[in-house]
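Here's a quick briefing to read alongside the model. Have the sequence and the 3D view open as you go.

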Amino acid sequence: MARVDPRALTRELLAFNTINPPGMERACAQRLGAILEDAGYAVAYHEYAEARTSLIATIGGADKPPICFTGHMDTVPLGAAPWKHDAFAGETDGDRVYGRGSTDMKSGIAAFVAAAVELARLAARSPGITLVITAGEEIGCEGARYLADHRILDRAGALVVAEPTANYPYIGHKGLAWFEVETHGVTAHGSMPEVGDNAIVKMARVIGDLERFRFPLESHAVMGKPTLNVGTIRGGLNTNSVPDEACITVDTRTVPGIDHTHLCKSLEALLAPRGATVRKIVDCASLYTEPSDEWVQRVFEICTPFLDGRPTPKTITFSTDGADLKRGYGGRIPAVVLGPGEPKLAHQTDEWCSTTRIEQSVDLFRTLMRDWCSI
Ligand SMILES: [Zn+2]
């Protein structure tokens, strides 16, 4: 049986600079593809733009669809603060491996690739395993969206999104919809405001309206309340003029059952009396599986020995490729977010991952693959 050392693979993946923008995941994808092809997987590459390469690796096949594991290769930029550790050299210190993407989420990819390679021969005669390794997650899930929109995804019966959760299985996350709201007016000299029409004053009223906005669903049993935050504001060019334009951006985090197109229409209707225009600028759906789902219960059982006790149903704060991939697989499959990275370290300076957790993840993923494929 072939063996991939998941710690060494994490360090190798860290050496590919996949900071997004610009991402440029092709070389990283090809390296992973070569490892998986060697192990017997059929590998296909899909580029949504030049060098923005996702890969799908599959093995096995039966009436029962395969289990799917997913991870993204791109990372966020390093940030303004200096790093104490090289962000690409895979430096280690005790149990920690440092680098941009160590937690989010090259360790997660390394863990499921190691488990998938180890089980390749057995999985070939079973429902099988599919790995979807994406480009462009950090800016709007572009890689996963491309795969779903172009109907490239074939079949899967369950989905594991190996984002950083310190190996705790989360049953989903909120959706995210961002809006740009503009008000317009008529400019005039600042000494004669009565002849102008002040766009900033209009915007102040818009913000008041937004504070009173009520979502069509006010709460979710596991996720809690949907939220709305005004994140940026811009307007006016000089103090001695009446501003004729103002703009805000609004970040909403939604729960299952809130449709983002409908939400956009509700905001338009609310703000139309102020003459404001509303435009949706980012749209990621929520991801959720009922905790009573049979496979979710199996995942909880399998994770229990690695945690302080049996997991309870929880959702994670960040969003993932999972929502788009689930849609691409027909929208009905159960999904969990489960991976070795430390959620608090995602996007941080001197990001690191525990190598013990990476090994634990390989154990967990191997068990989930064996359980699904009965091998
Ligand atoms: Zn991530």
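What follows covers a central strand, a metal site and some aromatic contacts.

Keep in mind that this is a predicted model. Strand β3 is a good place to start: six of its six residues (67–72) are buried, so the strand is largely enclosed by the rest of the structure. One of those residues, H72, also serves as a donor to the zinc ion.

**Strand β3 and its neighbours**

- Neither face of β3 is left open: I67, F69 and G71 are buried on one side, and C68, T70 and H72 are buried on the other.
- That fits a general pattern, since side chains in a regular strand alternate between the two faces of the sheet.
- On one pairing, β3 runs parallel to strand β6 (residues 129–134), with six bridges joining them.
- On another, β3 pairs with strand β7 (residues 158–161), again in the parallel sense, over four bridges.
- C68 shows up in both pairings: it faces T130 in β6, and its bridge partner in β7 is L159.

**The zinc site**

- Which protein atoms hold the zinc ion? The donors are NE2 of H72, an OD atom of D104 and two OE entries from E163, at 1.9 to 2.7 Å from the metal.
- Along the chain, the zinc donors are spaced as H-x31-D-x58-E.
- Two of these residues link distant parts of the chain: H72 sits in strand β3 and D104 in helix α3 (residues 102–118), 32 residues apart.
- Both H72 and D104 are buried.
- Why is the arrangement called irregular? The four donor atoms around the zinc ion subtend angles of 52 to 141 degrees, and a tetrahedral label would need all angles between 85 and 135 degrees, so the site counts as irregular.

**Aromatic contacts**

- The model has five aromatic pairs.
- Y168 and Y170 have ring centres 5.1 Å apart and planes at 50 degrees, so this pair is tilted; both residues are buried.
- W295 and W372 meet edge-to-face, with 6.5 Å between centres and 85 degrees between planes.
- Because W295 belongs to helix α8 (residues 294–303) and W372 to helix α10 (residues 355–373), this pair ties together parts that are 77 residues apart in sequence.
- Buried or exposed, these two tryptophans? W295 is buried at 8% relative accessible area, and W372 is buried at 11%.
- F69, back in β3, joins F112 and F365 in one aromatic cluster.

**Charges over rings**

- W372 also has the charged end of K64 over its ring, 4.1 Å from the centre.
- The charged end of R96 sits over the ring of W352, 3.8 Å from its centre.

How values were computed:
Residues are numbered from 1 along each chain as its sequence is written. This is a predicted model: local features need pLDDT of at least 70, side-chain atom pairs count only at pLDDT 80 or more; totals for chains, interfaces and linings use all residues. Side-chain values use heavy atoms; hydrogens and water are left out. Buried means under 20% relative accessible area, exposed over 50%, partly exposed in between (1.4 Å probe, protein chains only). Helices (H or I, at least four residues) and strands (E, at least two) are DSSP runs, numbered from the N terminus. Two strands pair if DSSP finds at least two bridges between them. Donors are N, O and S atoms within 2.8 Å of the metal (3.2 Å for Na, K and Ca); water is not among the atoms, so sites may look incomplete. Four donors count as tetrahedral if all angles lie between 85 and 135 degrees; four count as square planar and six as octahedral if opposite donors are over 155 degrees apart and all others between 65 and 115; anything else is irregular. Rings of Phe, Tyr and Trp (its six-membered ring) pair if their centres lie within 6.5 Å; planes under 30 degrees apart count as stacked, over 60 as edge-to-face and the rest as tilted. A charge sits over a ring if NZ of Lys or CZ of Arg is within 6 Å of the ring centre and within 35 degrees of the ring normal.
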